[in-house]
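Student: I am new to this structure and would like to find my way around it. Please take a close look with me at the residues around the ligand, and then connect them with the rest of the chain.

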Amino acid sequence: MNKMLLLSAVVCSALAFGAYKVHAQNKEENKTVENPKILIAYYSYSGNTKEVAEAIQKEIGGDLFEIKTEGSYPEEYRPMTVQAKKEIEEGYRPKLTTQVNNIAQYDTVFIGSPNWWGTITPQVSSFIETYDLNSKNVIPFITHGGGGVQNTVADLTTQCKGCLVKDDAWVGYGSRTFGISGWLKGLGFNK
Ligand SMILES: Cc1cc2nc3c(=O)[nH]c(=O)nc-3n(C[C@H](O)[C@H](O)[C@H](O)COP(=O)(O)O)c2cc1C
């Protein structure tokens, strides 16, 4: 009987330790950095994501970086969306024409993308695959036209190898910035 009690105690402590470890590992998924150096990188075709990026910077500071690439789109909306769809399906990665000055200096990188056909844009994918964001805290922000998050954050997370992607992304309709302040506070940022 005593042996049974001892065995249960050992099993219970092992389980408790196991649970603790899981908790500790989860906590490590986003690094806590005092006064992190912040980069706010975004791609914006028609201006909405740019507005959100600027609202984030206004709240917490940091360096703004507009992702620009080679290539262009037809002016008419429908052909533009058709080209974008083809690019996404083919995994097109346009070459960046703007460069981040010393990416290594940043602890936290906000990455903004419009939702295009349910995912992030090829320009944002190029950014993610060009820069070494390994072990950096990455916070996605997405703007959409009514479809919501769809696969945007999941695809960004998959493409951002070794990044510590925050679950709590900003997902907003159009250029809506109402609520940004509370979202950033919830993430632990203060002015
Ligand atoms: C090529 C293309 C595809 C889009 N696909 C979607 C979509 O699948 N779901 C959605 O909600 N909005 C979609 N939209 C709307 C944009 O996500 C929305 O207007 C966004 O805020 C635009 O951001 P921007 O002004 O920074 O470019 C699409 C827009 C374009 C141009």
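Tutor: Happy to, and we can begin with the words for the pieces: helices (H or I, at least four residues) and strands (E, at least two) are DSSP runs, numbered from the N terminus. Followed along its sequence, the protein chain reads α-β-α-β-α-β-α-β-α-β-β-α, which comes to six helices and six strands. Please keep in mind that this is a predicted model, where local features need pLDDT of at least 70, side-chain atom pairs count only at pLDDT 80 or more, and totals for chains, interfaces and linings use all residues. Residues are numbered from 1 along each chain as its sequence is written.

Now to the ligand. A residue is near it if the residue's C-beta atom, placed from the backbone, lies within 6 Å of it. There are 20 residues around the ligand, and those that come nearest are Asn48, Thr49, Pro114, Gly145 and Gly147. Three elements, α2 (48-60), α3 (77-90) and β4 (137-144), each give at least two residues to this shell, and α2 has the largest share with three residues. By type, the shell holds 14 polar residues, five nonpolar and one charged. Here Ala, Val, Leu, Ile, Met, Phe, Trp, Tyr, Cys and Pro count as nonpolar, Asp, Glu, Lys and Arg as charged, and the others, Gly among them, as polar.

From here we can follow the shell's elements outwards, starting with α3. Its 14 residues reach 20 Å from first C-alpha to last, close to the expected 20 Å, a span worked out as 1.5 Å times one less than the number of residues. A residue is buried if 20 or more other C-beta atoms lie within 10 Å of its own, exposed if 12 or fewer, and partly exposed in between, with C-beta atoms placed from the backbone. By that count α3 is hardly covered, as one of its 14 residues is buried. Just after α3 comes Gly91, with a positive phi near 65°.

The other two elements, α2 and β4, lead inwards. A nonpolar core is a set of buried Ala, Val, Leu, Ile, Met, Phe, Trp, Tyr and Cys residues joined through C-beta atoms within 7 Å. The largest such core has 33 residues, and Ile40, Ala41, Ile56, Val109, Phe110, Val138 and Phe141 touch the most other members. Elements giving two or more residues to this core are β1 (38-42), α2, β3 (108-114), α4, β4 and α5 (152-159). Two residues are in contact if their C-beta atoms, placed from the backbone, lie within 7 Å. Beyond its neighbours within four places in sequence, Ile40 has contacts that include Ala53, Ile56 and Phe110. In α4, the buried residues are Pro122, Gln123, Val124, Ser125, Phe127 and Ile128, and they pack against β1, α3, β3 and α5.

Last, look at the loops on either side of β4. Ser135 sits between α4 (122-130) and β4, and it counts as exposed because it has 10 C-beta neighbours inside 10 Å. On the other side, Gln150 lies in the loop between β4 and α5. Most residues other than glycine have a negative phi. Gln150, however, has a positive value near 40°, and with 16 C-beta neighbours inside 10 Å it counts as partly exposed.
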